[in-house]
Number of protein chains: 2
Amino acid sequence: MEQETIIEAGGAPGQRGPIDHKRRQQILQAADEHFRLYGYRKTTLADIAKAINLSTPYLYKFFDSKQALGEAICSQCLNRALAEVEELVAAVKSPVDKLRRVFTGLESKGWGFLNDERKIHDMVLVSFEERWGSLARFKDARFQLIRRIIVQGRESGDFERKTPLEETCGAISNMTDLFFHPMLLEQAGKSLEDEALAVANVAIRSLTA
Amino acid sequence: MEQETIIEAGGAPGQRGPIDHKRRQQILQAADEHFRLYGYRKTTLADIAKAINLSTPYLYKFFDSKQALGEAICSQCLNRALAEVEELVAAVKSPVDKLRRVFTGLESKGWGFLNDERKIHDMVLVSFEERWGSLARFKDARFQLIRRIIVQGRESGDFERKTPLEETCGAISNMTDLFFHPMLLEQAGKSLEDEALAVANVAIRSLTA
DNA sequence: CAAGTTATGAATAACGTAAATCGTAACCTT
DNA sequence: AAGGTTACGATTTACGTTATTCATAACTTG
């Protein structure tokens, strides 16, 4: 009958308790630092709690589980990466250039995770393996970014208007996985800049038919 | 100075000794059966040797290592899968249909491995993780298949002729990874038939510009 | 010399146990 | 009640040891 925990609109799932609490921010910051330095699997909740002088169980006032905390940080990282790609996209005018930058930008960010923020890369990998919600939200945001570009291109007349919009956007969104998916990047073991460009060109030509 | 082992032309690497030896065939068959039933990691060389009444070290007369044996079987499986896709491709005339069948066919075979031949799927997964040569050879064969179709399409006038051939073929070949790569399939956890079709259509439209 | 085997060392994997870790409940304190 | 802690059970993880397994070398036999 009564609702015990406040469900914050638009907030990530797995969270509980007061949304705008000083402690929540502290926890998130400590978690970010530890995950970044020691990795998700190697940092314990006790580590995080100790860093801000709290007992471990108290973390559960704000997060359902360790995974929920991981998802929150993971979402931050993925969102930031996508935001940076959006900046790159915003810096050019034509839908063609924008779309190309989605591919090259994502490739560059993915490769950057792998090389410059190895622990974050590992956490993203875990999030992929365990199908965390952060991943679905990222894919959705990526889809929306691509969809906006394609809609704009259709309106401006740069892109064709006949093929089904959602299907096409979904396919092109999936294609970017080739260069951002942490498993594939790790396996490739090298920058996939050229490949990303080539695939981007395929996508672009399919739209400028 | 002298060449101790015969290097067979076109043969898989990691093999030694007489090429056309009765024992080699027996070993390969026993290996195939065991890998298929118990998986690559769980079967020991002793298992294989025992199955055909040989001592373990004698296997080394024909193969450099367990991995070499694994690569041989893995190549067989991948080649067979690709051959079946080639059959599907051969059954239609137009380059457009052919290309579409490369995508849907690979998706179907990949999904088939995962569901009907789980141990083989696992072995292919190992071959991907450990970057076996069988994988590179498969990718090359896949590239060649796609290249033949696109060249044919260019000659028949179905496909455009302006974009760089090798780059385009490489990109489209990479795109098929989305539906055949064992890691991605496993993670998706469902058939990617629709997605494969959608991406195939993107590739096709890029060529019929 | 072709077709094998036995002996053996180094690297890996399997296993059982001890220790940490996650997560809950019940309890304190202002 | 908000803001915490201590106590504690059930899973996981880490670890050290034993047992396998891979791979080579040297040996045997027809």
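**A predicted model of chains A and B with DNA strands C and D**

Read along the sequence, chain A follows the pattern α-α-α-α-α-α-α-α-α, where helices (H or I, at least four residues) and strands (E, at least two) are DSSP runs numbered from the N terminus. The model is predicted, so local features need pLDDT of at least 70 and side-chain atom pairs count only at pLDDT 80 or more, while totals for chains, interfaces and linings use all residues. Residues are numbered from 1 along each chain as its sequence is written, and chains are lettered from A and ligands numbered from 1 in the order in which they are written.

Me: How many helices and strands are there in chain A?
Reply: The C-alpha atoms of chain A fill a box of roughly 60 × 45 × 30 Å along the principal axes. The elements in this chain number 9 helices and 0 strands.

Me: What percentage of the 209 residues of chain A counts as buried?
Reply: A residue is buried if 20 or more other C-beta atoms lie within 10 Å of its own, exposed if 12 or fewer, and partly exposed in between, with C-beta atoms placed from the backbone. By that rule, the buried share of the 209 residues of chain A is 39%.

Me: How far apart are the end C-alpha atoms of helix α1 of chain A?
Reply: The expected span of a helix is 1.5 Å times one less than its number of residues. Helix α1 of chain A (residues 22–38) has 17 residues, so a span of 24 Å is expected. The distance between its end C-alpha atoms agrees with this: 24 Å.

Me: Over what arc around the axis do the buried residues of α1(A) lie?
Reply: The buried residues in α1(A) are A:I27, A:A30, A:A31, A:H34 and A:F35. They lie on the same side of α1(A), because the arc that they cover around the axis, taken from the directions from the helix axis to the C-beta atoms, is only 130°.

Me: Why can residues a few places apart in a helix point the same way?
Reply: On the other side of α1(A) from the buried residues, A:K22, A:Q25 and A:L37 are exposed. The general reason that residues three or four places apart point the same way is that an α-helix has 3.6 residues a turn.

Me: Which helices do the buried residues of α3(A) pack against?
Reply: Helix α3(A) has 25 residues and reaches 36 Å from its first C-alpha to its last, close to the 36 Å expected. Its buried residues include A:L69, A:C77 and A:V89. They pack against these helices of chain A: α1, α4 (95–116), α5 and α6 (133–156).

Me: Is B:H34 buried or exposed?
Reply: B:H34 is in helix α1 (residues 22–38) of chain B. Contact requires C-beta atoms, placed from the backbone, within 7 Å, and B:H34 touches B:T43, B:D47, B:I48 and B:A51, not counting residues up to four places away in sequence. Because 20 other C-beta atoms lie within 10 Å, B:H34 is buried.

Me: Which element gives the largest share of the side of chain A that touches chain B?
Reply: In all, 22 residues of chain A are in contact with 22 residues of chain B. The elements of chain A that give two or more residues to this side are α7 (165–180), α8 (182–188) and α9 (193–207). The largest share, 9 residues, comes from α7(A).

Me: Which residues are the closest to DNA strand C?
Reply: A residue is near a strand if its C-beta atom, placed from the backbone, lies within 6 Å of it. DNA strand C is surrounded by 14 residues, of which the closest are A:L45, A:P57, A:S65, A:K66 and B:S55.

Me: How do the residues of the surface near DNA strand D divide?
Reply: Ala, Val, Leu, Ile, Met, Phe, Trp, Tyr, Cys and Pro count as nonpolar, Asp, Glu, Lys and Arg as charged, and the others, Gly among them, as polar. DNA strand D is surrounded by 14 residues, with A:S55 and B:T44 among the closest. They divide into 8 nonpolar, 4 polar and 2 charged.

Me: Which residues of chain A does the UniProt annotation "DNA-binding region" cover?
Reply: UniProt positions follow the numbering used here, feature names are shortened, and annotations may be inferred rather than shown by experiment. The span annotated in the unreviewed entry is 35% helix and 0% strand, with end C-alpha atoms 14 Å apart. According to that entry, the "DNA-binding region" of chain A covers residues 44–63.

Me: What is the phi of A:R131?
Reply: Most residues other than glycine have a negative phi. A:R131 lies in the loop between α5 and α6 of chain A. Although A:R131 is not a glycine, its phi is positive, at about 55°.

Definitions and conventions:
Two residues are in contact if their C-beta atoms, placed from the backbone, lie within 7 Å.
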